[in-house]
Amino acid sequence: GYWFNSNNEFFSATALRRAFASCTDRSVLQAPDYIEGTADRLLTNAISPHFDYSPALISYNEEEAAKHYKNALNINENISAAMTVTVLTTEDFADSVKKQIQIWQRVFGLDVKIDIQTRENAIKLFNKGSYQIAFLPISVTATNTAEYFRTFRSDSTYNITGYKNETYDALINSLSDSMTQDEKNIVFSKCEQTIISDAVVVPAFTEASYFIQGKDVSGIYSFSSSEVYFRNGIISSKG
């Protein structure tokens, strides 16, 4: 999806993030073959697609986008029509991003550039916070829903966008083990709505990941897309 760097001097302004999110036409997105063959999911209403309570994303509305942009100009004196915005992405998504950049340029009258990197370099730059906007496939390493939403808390060391919101922090801190799952789901829904409304990210595609092992292998477990645990791993030999 499109990730906005809240630590950036421009995109620290929620109004500017909302302007760009409202001016994001997701119909110009084209998933690369490796997504189309597996999931082909253009998300319509979710950060977490398996949750039935996921709120709707910010709608594409150029008039609303222009209002948010004007509001951003009034709030943050560093934001001006003379600023340059750069979108970090990879070759896989470059064509789609270029189409989107043309829309932002037309509506906001801004100079918007594209920085095309290898996936490895792009992810490194993203993790370092060396970007303004990034359109990248970011893997979720959290092993449960609460852990995932905690990564957006202001003081989290895994806060990949620099997002800071006291209301969101209070929501996360309200979670407790004594809650029923339905009660937790209400909190998760509010967390997701806040992240979307504050334009932290505009989700685009979801891609499945798999852990595969042979039938004669045991003692090896996967809990997320990046974590594999070996517990007395055994490969049995027959014959």
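These are my notebook entries on a few things I looked up in this structure, which is a predicted model.

**Entry 1: the whole chain**

I started with the overall layout. I found eight helices and nine strands in the chain. Of its 239 residues, 42% are buried. Then I checked how far apart in sequence the contacting residues are. Among contacts with a separation of 6 or more, 69% join residues 24 or more positions apart.

**Entry 2: helix α8**

Next I picked helix α8, which runs over residues 181–197. Does its length fit its residue count? I mean, what should 17 residues span at 1.5 Å a residue? The expected span is 24 Å, and the end C-alpha atoms are 24 Å apart, so the two agree.

Then I asked which residues of α8 are buried. I listed Val187, Phe188, Ser189, Cys191, Glu192, Thr194, Ile195 and Ile196. What do they pack against? I noted α6 (145–150), α7 (166–173) and β6 (201–202).

**Entry 3: α8 with α7**

I took one of those partners, α7, and looked at the pair. The axes of α7 and α8 are 10 Å apart, and the helices pack at an angle of about 160°. An angle over 145 degrees counts as roughly antiparallel, so that is how I wrote down α7 and α8. Their crossing is left-handed.

On the α7 side I found Tyr168, Leu171 and Ile172, and they meet Val187, Lys190, Cys191, Thr194 and Ile195 in α8. I sorted the residues of this contact into six nonpolar, one polar and one charged.

**Entry 4: just past α8**

I kept going along the chain and stopped at Ala199, in the loop between α8 and β6. Ala199 has a positive phi of about 55°, although it is not a glycine. I made a note of that because most residues other than glycine have a negative phi. Is Ala199 buried or exposed? Its relative accessibility is 0%, so I put it down as buried.

**Entry 5: α1 with α3**

For a second helix pair I chose α1 (residues 14–22) and α3 (residues 62–75). Their axes come within 8 Å and cross at roughly 160°. I therefore noted α1 and α3 as roughly antiparallel to each other. The way α1 passes α3 is a left-handed crossing.

Which residues meet here? From α1 I listed Ala15, Leu16, Arg18, Ala19 and Ser22, and from α3 Glu62, Ala65, His68, Tyr69, Asn71, Ala72 and Ile75. The residues of this contact divide into seven nonpolar, three polar and two charged.

**Entry 6: Ser6**

I went back towards the start of the chain for Ser6, in the loop between β1 (2–4) and α1. Ser6 has 9% relative accessibility, and the cut-off for buried is under 20%, so Ser6 counts as buried. What does Ser6 touch, not counting residues up to four places away in sequence? I wrote down Phe11, Ser12, Arg17, Thr161, Gly162 and Tyr163.

**Entry 7: Phe126**

My last stop was Phe126, in helix α5 (residues 119–128). At 1% relative accessibility, Phe126 counts as buried. Leaving aside neighbours within four places in sequence, I found Phe126 in contact with Trp3, Leu88, Tyr131, Ala134, Leu136, Ile138 and Ile160. I also checked the spacing of Phe126 and Ile138, which are 12 residues apart along the chain. Their C-alpha atoms are separated by 9.4 Å.

Methods. Residues numbered from 1 in each chain as written. Predicted model: local features only at pLDDT ≥ 70, side-chain atom pairs only at ≥ 80, totals over all residues. Heavy atoms only, no water. Helix = DSSP H or I, 4+ residues; strand = E, 2+ residues; numbered from the N terminus. Expected span 1.5 Å × (residues − 1). Buried < 20%, exposed > 50% of the residue type's maximum accessible area, 1.4 Å probe, protein only. Contact = heavy atoms within 4.5 Å. Axes fitted to C-alpha atoms, helices over the stretch in contact; angles between N-to-C directions. Parallel < 35°, antiparallel > 145°, perpendicular 65-115°, else oblique. Left-handed = near helix turned anticlockwise from the far one by under 90°. Nonpolar A, V, L, I, M, F, W, Y, C, P; charged D, E, K, R; others polar.
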